[in-house]
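Thanks for sharing this one with me. Here are my notes, set out as numbered points to read alongside the structure.

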Amino acid sequence: VYACSLGLVELTDAIRSIVLHADIYEEEDFSVSNYGLASYREGEERETVAVLERTLDMLKEVESSKHSQALTFILSFQLNLLEACSVLAKLEARTVREQVHDASLAIQTAVAELVELQSRVGESDVTDPQILKHCFDPFLYRPLVGSAPIRKVMFRTPAESIGVLVQVTSELESSLCELLLLGTSLSRVRRILNRISEEKINILGRSLIVLNLYFEEQLLGQHGLSALVAQDMIEMSGIPVEHVTESKHGQMFLNRLAKPVYDTLKLLVLNRNRQRSYMEGVMLHDWSSLQQEAHGVDAAQRNEFGTTNPFFTQYALWVTVRLMDHYVALGIELELFQGHYDLTMAFWYRDFLLSGELSQLLAMRTSRDKATRVNTNGHPGDKPVLHEDYEFIMVGFYRNLCRGIVRFLAALNQAKMVEVPTWHFTSHTARFHKRF
């Protein structure tokens with residue numbers, strides 16, 4: 001029991017430190033306050049690990065029973081999760097892949113221990129929730145003054161609690177480890193982070209992603225960010241390599257792009273309820289300025305290389321339209337648009353933005369195909385192996401969905417099955433401009 005308690009304290013301290021260091025948590029994600037309770041720690045983390053290992057060795061020598069097996073699973077889970085958190089919070093660029101492989105094995109072992117423990121917790125072992133409520137006073141820290149609502153304490157059954165732990169622990173491997181091992185290009189990193197954002201990964205996994213997204217002057221500790229942006233531009237628009245590597249203006253613009261591109265990746269790790277405010281306050285204004293700078297770079301490229309394709313402008317505009325569409329899509333997801341009329345406006349605007357994004361992708365793809373047909377010597381060249389045009393397919397799919405929803409709502413309106421709202425102190429035009 002002492003070893004379990006000590007492991008719990010060490011795990012709590014490690015997770016709290018990770019979340020505080022990443023600093024992307026919101027009130028609904030994580031409560032960092034310990035209400036003035038000082039946790040007792042006998043020594044450093046390595047001493048806690050030594051206590052857990054000694055206790056596991058002792059349990060192997062005692063007679064096997066249901067309780068000793070449960071304690072073995074719990075201690076083994078704590079030991080492996082503590083090891084994984086310690087490794088993933090302090091990765092080094094020179095050995096990042098080896099460290100991630102070790103952490104992945106520790107996570108798999110921890111999940112296996114929890115699954116085995118969960119299978120042995122039957123319905124007969126579940127204690128009455130009223131016993132838990134009598135053991136812990138949920139109103140212990142209620143404010144004596146003020147009108148703040150009392151924070152409700154949720155009690156889960158042992159089986160439910162183990163299920164939550166299995167999900168949180170397995171997310172570390174499916175999100176962070178996969179990102180670090182498979183994120184070899186900017187497009188792939190974007191797709192993985194998009195999936196993580198849509199799946200609403202726990203704050204522990206998202207905090208570890210932020211800590212390892214950029215460290216030791218490299219993205220994921222493995223890739224130069226400017227080099228990945230240049231590679232992404234070459235794959236998306238077919239810009240000649242010399243326009244990026246030999247052009248002074250191109251190099252300067254790539255260095256300027258590094259921080260905004262990093263912000264677009266970090267955005268996907270934030271709480272989805274808070275992404276809109278970050279985009280509205282910082283990112284949209286920044287990318288608007290980048291579009292103007294991209295015009296200047298393309299003008300310099302025309303004078304230097306005689307090219308007529310606005311490669312940098314197309315890329316900056318494509319990312320900007322993506323952000324705008326993501327902003328509107330989040331508003332729909334968070335139910336900020338109420339009623340058929342507001343939803344019609346939102347989906348019509350998404351259709352408009354997605355059409356703009358599709359036209360930019362088509363223009364970049366045309367430039368890419370033209371650049372790959374003829375090599376620098378004027379002879380037909382072999383088309384390079386490019387990643388699957390996932391963006392083009394998905395943007396067209398979402399645009400058709402939005403267009404279909406707009407037409408369906410318009411048909412309802414035309415059939416007078418819904419009523420168009422009227423206001424005395426505003427208008428449809430004013431509301432549209434205020435929202436978009």
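1. Which residues gather in a patch of negative charge on the surface? They are Glu53, Asp57, Glu61, Glu83, Glu98 and Asp102. Do keep in mind as you read on that this is a predicted model. Helix 2, spanning 45-61, gives the patch its largest share, with three residues. Both helix 2 and helix 4 (96-120) supply at least two residues each. Glu98 is a patch member that lies in helix 4, and its relative accessibility of 49% makes it partly exposed.

2. A word on the overall picture. The protein chain has 16 helices and two strands. It runs to 436 residues, of which 40% count as buried. Among contacts with a separation of 6 or more, 76% are between residues 24 or more positions apart. The chain exposes about 24,400 Å², and 55% of that area is supplied by carbon and sulfur atoms.

3. For a view of the interior, have a look at Leu81. This residue sits in helix 3, which covers residues 66-88. Is Leu81 buried or exposed? Its relative accessible area is 7%, so Leu81 is buried. Beyond its neighbours within four places in sequence, Leu81 is in contact with Leu11, Ala110, Thr169 and Leu172. Ala106 is also worth picking out here: its C-alpha is 6.8 Å from that of Leu81, with the two positions 25 residues apart in sequence.

4. Back on the surface, there is a nonpolar patch to point out. Phe397, Tyr398 and Leu401 make it up, and together they have about 290 Å² of accessible area. Leu401 belongs to helix 15, residues 390-414. With a relative accessible area of 43%, Leu401 is partly exposed.

5. Now to the charged pairs. Side chains of opposite charge can pair when their charged atoms come close. How many salt bridges does a search of the whole structure find? The search gives 15. One of the pairs I looked at is Glu293 with Arg256, whose closest N and O atoms are 3.3 Å apart. Glu293 is in helix 12 (residues 275-305) and Arg256 is in helix 11 (residues 248-267), so this salt bridge ties together parts that are 37 residues apart in sequence. Both partners are partly exposed: Glu293 has a relative accessibility of 33%, and Arg256 has a relative accessible area of 29%.

6. Arg322 and Glu391 are another pair to look at, their side chains meeting in a salt bridge at 2.8 Å, N to O. Why does this pair tie together parts that are 69 residues apart in sequence? The reason is where the partners sit, because Arg322 lies in helix 13 (residues 311-333) and Glu391 lies in helix 15. Glu391 is buried, at a relative accessible area of 9%.

7. Helix 13 takes part in a further link. Asp325 forms a salt bridge with Arg350, and the closest N and O atoms are 2.8 Å apart. Asp325 is in helix 13 and Arg350 is in helix 14 (residues 340-373), so to speak of a link between distant parts of the chain is fair, the two being 25 residues apart. Asp325 counts as buried at 9% relative accessibility. Arg350 is buried as well, with a relative accessible area of 13%. Elsewhere, Glu178, Arg195 and Glu199 are joined into one network by salt bridges that share partners.

8. Finally, two backbone angles deserve a look. Most residues other than glycine have a negative phi. Asp23, however, has a positive phi, near 60°. Where is Asp23 found? It is in the loop between helix 1 (2-22) and helix 2. Its relative accessible area is 55%, which means Asp23 is exposed. Lys200 also has a positive phi, near 55°. This lysine is found in the loop between helix 7 (186-199) and helix 8 (203-213), and at 57% relative accessibility Lys200 counts as exposed.

Key: Residues are numbered from 1 along each chain as its sequence is written. This is a predicted model: local features need pLDDT of at least 70, side-chain atom pairs count only at pLDDT 80 or more; totals for chains, interfaces and linings use all residues. Side-chain values use heavy atoms; hydrogens and water are left out. Patches are made of residues with over 30% relative accessible area and no salt bridge: like charges are joined within 9 Å, nonpolar side chains (Val, Leu, Ile, Met, Phe, Trp, Tyr) within 5 Å. Accessible areas come from the Shrake-Rupley method with a 1.4 Å probe; for residues, only the protein chains shown count as cover. A salt bridge is a side-chain nitrogen of Lys or Arg within 4 Å of a carboxyl oxygen of Asp or Glu. Lys and Arg count as positive and Asp and Glu as negative; His and the chain ends are not counted. The place of a charge is taken as NZ of Lys, CZ of Arg, CG of Asp or CD of Glu. Helices (H or I, at least four residues) and strands (E, at least two) are DSSP runs, numbered from the N terminus. Buried means under 20% relative accessible area, exposed over 50%, partly exposed in between (1.4 Å probe, protein chains only). Contact means heavy atoms within 4.5 Å.
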